[in-house]
Amino acid sequence: MREYYPLLVVGAIVGLFSIVLSVAYALMKDKQSAVGFDRNMEDSEILRRLLAYAKPYWKQFLLVGFVMLFSIAYDIVSPLIIGWIEELIVGDFALKQLFSAVALYAGILVVSMVCSYVQAIVLQKTGQRIISHVREDLFVHIESLSHEQLNEIPVGKLVTRVTNDTNAISMMFTNLLANLVKNLFVIVGVLAAMLWVNYELTLMVLCFVPFILLFTVVFRKFSRQAYRRVKDRTTDINTYLS
């Protein structure tokens, strides 16, 4: 029973933090009007409209997905190869086996680096083309506004929407979506490798997954409010300077 005491203590601490964060999440109100967040469109609708700009470049994203498989394979296989090399060093081994293991690891590393470079280049070029189309449509939309509407909207707000917000969209296409998909497959692959190596220890680690999901949900709400405040303050600064 004593060998489970550390696990029980860690579980109690994590549970206490979970209760505190849950209470803070429940008491926190959505202050959209307080921070000047004035859109009324759902996140799913915004994502659907943005993905419409990426649809003409599906071949580039398909290429990125294929190349990404090699990077995912490296992230999953590299710890197993390192463990194999450590086992060779500890026991009796032939020098030829060690050279073969190191050469295998170096080859996988080189392939992963080349794939990461190709992925970054393709995503950056595709993202810049998408943002170019978004900015063209945004410029046409601003020109279609009446003089009365332009007089009511602060210049700094328009500058923020055209520059900062489009840069955030560019980051979504070139970085966030790719990393999200990659990390999802890496987590699944690492979990499968952990179950294969030691399923008992893996099941003990999975006991903390619900708490991690809870922390993610709570952090998302707090970070979203903070991001809205930052964008609102950036708009105020641009308006003042303008």
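Let's start at Phe70, which is partly exposed, with 38% relative accessible area. Keep in mind that this is a predicted model. Phe70 shares helix 3 (residues 58–90) with Phe66, and the two sit four residues apart, or about one turn of the helix.

How do those two rings meet? Their centres are 5.6 Å apart and their planes make an angle of 85°, so Phe66 and Phe70 count as an edge-to-face pair; the label needs planes over 60 degrees apart. The structure has two aromatic pairs by this rule.

The other pairing to look at is Tyr74 with Tyr105, a tilted one, with 6.3 Å from centre to centre and 45° between the planes. Tyr74 belongs to helix 3 and Tyr105 to helix 4 (residues 95–144), so this contact ties together parts 31 residues apart in sequence. As for accessibility, Tyr74 comes out at 14% and is buried, while Tyr105, at 23%, is partly exposed.

Now for charges. Side chains of opposite charge can pair when their charged atoms come close. How many salt bridges does a search of the whole structure find? Just one: the side chains of Lys182 and Asp75 meet at 3.7 Å, N to O. Asp75 lies in helix 3 and Lys182 in helix 7 (residues 164–197), so the bridge ties together parts that are 107 residues apart in sequence.

Which of these two partners is buried, and which is partly exposed? Lys182 is the buried one, with a relative accessible area of 17%, under the 20% cut-off. Asp75 is partly exposed at 27%.

Key. Residues numbered from 1 in each chain as written. Predicted model: local features only at pLDDT ≥ 70, side-chain atom pairs only at ≥ 80, totals over all residues. Heavy atoms only, no water. Phe/Tyr/Trp six-rings, centres within 6.5 Å; stacked < 30°, edge-to-face > 60°. Buried < 20%, exposed > 50% of the residue type's maximum accessible area, 1.4 Å probe, protein only. Salt bridge = Lys/Arg side-chain N within 4 Å of Asp/Glu carboxyl O.
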